[in-house]
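Here's a quick tour of one chain, starting with its greasy outside. Have the model open while you read.

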Amino acid sequence: MMTKKILLTCTLFLIILTIPRLLWLYLYVAPDQPHAVKGTLDLRQGEVIKKHSIRLEGEWEFYPDTLLEPGNEKTAG
């Protein structure tokens, strides 16, 4: 009888922890994020950055202490 009570208590505890987590995942879905392609991130559709921050995912190249402008990119090599 004691084992059943412990098992029931653990099961209820896990259910109580799981339900809010599943609700959180369902209700707070991250918006679609723009992705960088060859180091270029197109933000012309600015609706995404007005409401949410964006993740810098995708392909990037890093040049320390250098500010590159469009048309003045360095070639990898």
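## The nonpolar patch

A patch is built from residues with over 30% relative accessible area and no salt bridge, joining like charges within 9 Å or nonpolar side chains (Val, Leu, Ile, Met, Phe, Trp, Tyr) within 5 Å. A salt bridge here is a side-chain nitrogen of Lys or Arg within 4 Å of a carboxyl oxygen of Asp or Glu. Accessible areas come from the Shrake-Rupley method with a 1.4 Å probe, and for residues only the protein chains shown count as cover.

This is a predicted model: local features need pLDDT of at least 70, side-chain atom pairs count only at pLDDT 80 or more, and totals for chains, interfaces and linings use all residues. Residues are numbered from 1 along each chain as its sequence is written, and side-chain values use heavy atoms, leaving out hydrogens and water.

So what turns up? Leu8, Leu12, Ile15, Ile16, Ile19, Leu22, Leu23, Trp24, Leu25, Tyr26, Leu27 and Tyr28 make up a nonpolar surface patch, together offering about 1300 Å² of accessible area. Leucine 23 sits in helix α1 (residues 2–27) and is partly exposed, at 47% relative accessible area (buried is under 20%, exposed over 50%, partly exposed in between; 1.4 Å probe, protein chains only).

## One ring pair

Rings of Phe, Tyr and Trp (its six-membered ring) pair if their centres lie within 6.5 Å; planes under 30 degrees apart are stacked, over 60 edge-to-face, the rest tilted. That gives one aromatic pair. The ring centres of tryptophan 24 and tyrosine 28 are 4.3 Å apart with planes at 35 degrees, so this pair is tilted. Tryptophan 24 is partly exposed at 49%, while tyrosine 28 is exposed at 54%.

## The whole chain

Of the chain's 77 residues, 8% count as buried. The chain exposes about 7800 Å², with carbon and sulfur atoms supplying 63% of that.

Definitions and conventions: Helices (H or I, at least four residues) and strands (E, at least two) are DSSP runs, numbered from the N terminus.
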